[in-house]
Amino acid sequence: MFKHRHLLGIEGLSQADITTLLDLADQYAAQNRGPNKHGQALAGLTQVNMFFENSTRTQASFEIAGMRLGADVMNMSMQASSIKKGETLIDTAMTLNAMHPDLLVVRHPHSGAVNLLASKVNCAVLNAGDGRHEHPTQALLDALTIRRRKGRLHRLTVAICGDIAHSRVARSNILLLGRMENRVRLIGPPTLIPTGMSELGVEVTDNMREGLKGVDVVMMLRLQKERMDGGFIPSTREYYHRFGLDAEKLACANPDAIVMHPGPMNRGVEIDGTIADDINVSVIQEQVEMGVAVRMAAMDLLARNLREKASVEV
């Protein structure tokens with residue numbers, strides 16, 4: 001069912017692709033809660049994690065996923081690599097090809113860099129986030145979390161709130177949720193919502209209370225100050241007053257609405273700490289748990305395609 005060579009984004013995935021990956025991830029989620037967490041799906045394969053940006057959560061998740069599937073896992077410290085000495089991305093790709101890795105996990109600060117690497121290497125490539133472009137495994141783990149809590153992944157109303165402009169997580173989730181026939185609503189200050197978003201089939205509002213009416217899922221986003229050049233918000237205090245999720249604003253959503261956040265959180269800026277820690281509404285810790293399962297499923301499916309291709313060539 002899943003015949004892709006790489007996982008570079010949600011954009012190239014069909015409903016069937018998404019369902020196949022989530023179904024397998026569900027199996028891995030159950031396995032990860034059991035006494036025997038390890039398997040052999042990646043036995044004999046080499047997984048290289050290349051993170052040109054720091055990300056403790058995502059890198060650790062991919063590393064644990066690879067180890068549980070039996071891969072040889074190597075983390076390349078790109079902050080102190082030859083890239084700093086002037087080596088180009090193409091040079092890096094050629095060097096990697098000579099090492100014959102099987103799975104390459106890449107996070108890069110520039111949109112399109114992961115796609116460029118994928119076009120130059122012989123192995124399977126997984127996009128762990130590139131610039132403002134996409135973060136496919138985050139959207140998939142969010143989808144799995146929603147499906148497990150809500151019992152379905154269609155005909156839901158999902159609000160994505162906050163810094164849409166700088167968020168690759170928002171873009172991947174808009175694509176995935178739309179493909180699975182959900183109603184998506186973007187909420188945030190006009191300065192943090194790019195023009196033309198309504199063309200993606202989403203609703204857009206700068207009124208938090210109005211925007212949360214009737215929603216099943218509230219997905220909060222971090223203010224990405226490191227990507228901001230200029231004054232996008234008056235102050236964090238004013239931002240929290242208007243767009244931070246507190247009990248009063250959450251009461252506008254459906255009574256059984258769940259709250260999500262891709263992390264890391266800025267408590268008291270985009271979300272109240274009490275809500276973030278309330279296991280009755282918050283699924284933030286479950287998102288972290290599902291991240292390992294989804295990345296195991298993604299690497300398993302890509303590895304199957306690698307082995308199938310190798311057997312045909314032989």
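## Helix 5 against helix 11

In this predicted model, helix 5 and helix 11 cross in the right-handed sense. Helix 5 covers residues 136-150 and helix 11 covers residues 284-313; their axes lie 8 Å apart and meet at an angle of about 115 degrees.

From helix 5, the contact draws on Thr 137, Gln 138, Leu 140, Leu 141, Asp 142, Leu 144, Thr 145, Arg 148 and Arg 149. Helix 11 contributes Glu 286, Gln 287, Met 290, Gly 291, Val 294 and Arg 295. By character, the residues of this contact divide into 5 nonpolar, 5 polar and 5 charged.

## Strands 1 and 2

Strand 1 (residues 46-51) is mostly covered, with 5 of its 6 residues buried. Strand 2 (residues 72-77) runs parallel to strand 1, and 6 bridges join the two. One of the pairings sets Thr 46 of strand 1 with Asp 72 as its bridge partner in strand 2.

Helix 2 (residues 56-68) belongs with these two strands: strand 1, helix 2 and strand 2 make a β-α-β unit that is right-handed.

## Strand 3 and its partners

Strand 3 (residues 103-108) also pairs with strand 1, in the parallel sense and over 5 bridges. Phe 51 has Arg 107 of strand 3 as its bridge partner, and Met 50 stands opposite Val 106.

All of strand 3 is shielded: 6 of its 6 residues are buried, so the strand is largely enclosed by the rest of the structure. Cover is found on both faces, with Leu 103, Val 105 and Arg 107 buried on one side and Leu 104, Val 106 and His 108 buried on the other. Strand 3 is joined by 5 bridges to strand 4 (residues 124-130), and these two run parallel. Leu 104 has its bridge partner in strand 4 at Val 125. Between strand 3 and strand 4 the chain passes through helix 4 (residues 113-118), in a β-α-β crossover that is right-handed.

## Asn 97

Asn 97 is part of helix 3, which spans residues 89-99. Its relative accessible area is 14%, so Asn 97 counts as buried, the cut-off being under 20%. Apart from neighbours within four places in sequence, Asn 97 is in contact with Lys 120, Val 121 and Asn 122.

## The open sheet of five strands

Another part of the model holds an open sheet of 5 strands in the order 7-6-5-8-9, paired in parallel. Strand 7 (203-205) and strand 9 (258-260) stand at the edges; each has a single partner strand, so one side of each is left without a neighbour in the sheet. From one strand to the next, the twist averages 20 degrees.

At one of these edges, strand 9 pairs in the parallel sense with strand 8 (residues 217-220) over 3 bridges. Val 217 there stands opposite Ile 258 of strand 9. Helix 6 (residues 168-179) lies across strand 5 (157-161), strand 6 (183-187) and strand 8, and runs at about 170 degrees to strand 5.

## Met 208

Met 208 is found in helix 7, residues 208-211. Met 208 is buried because its relative accessible area is 3%, against a limit of under 20%.

Leaving out residues up to four places away in sequence, Met 208 touches Cys 161, Ile 187, Met 220, Arg 242, Phe 243, Gly 244, Leu 245 and Lys 249. Among them, Leu 245 is 37 residues from Met 208 in sequence, while the C-alpha atoms of the two are 8.7 Å apart in space.

Conventions. Residues are numbered from 1 along each chain as its sequence is written. This is a predicted model: local features need pLDDT of at least 70, side-chain atom pairs count only at pLDDT 80 or more; totals for chains, interfaces and linings use all residues. Side-chain values use heavy atoms; hydrogens and water are left out. Helices (H or I, at least four residues) and strands (E, at least two) are DSSP runs, numbered from the N terminus. Buried means under 20% relative accessible area, exposed over 50%, partly exposed in between (1.4 Å probe, protein chains only). Contact means heavy atoms within 4.5 Å. Two strands pair if DSSP finds at least two bridges between them. A crossover is right-handed if, with the strands pointing away from the viewer, the path from the first strand over the helix to the second runs clockwise. Axes are lines fitted to C-alpha atoms, for helices over the stretch in contact, and angles run from 0 to 180 degrees between N-to-C directions. A crossing is left-handed if the near helix is turned anticlockwise from the far one by less than a right angle, and right-handed if clockwise. Ala, Val, Leu, Ile, Met, Phe, Trp, Tyr, Cys and Pro count as nonpolar, Asp, Glu, Lys and Arg as charged, and the others, Gly among them, as polar.
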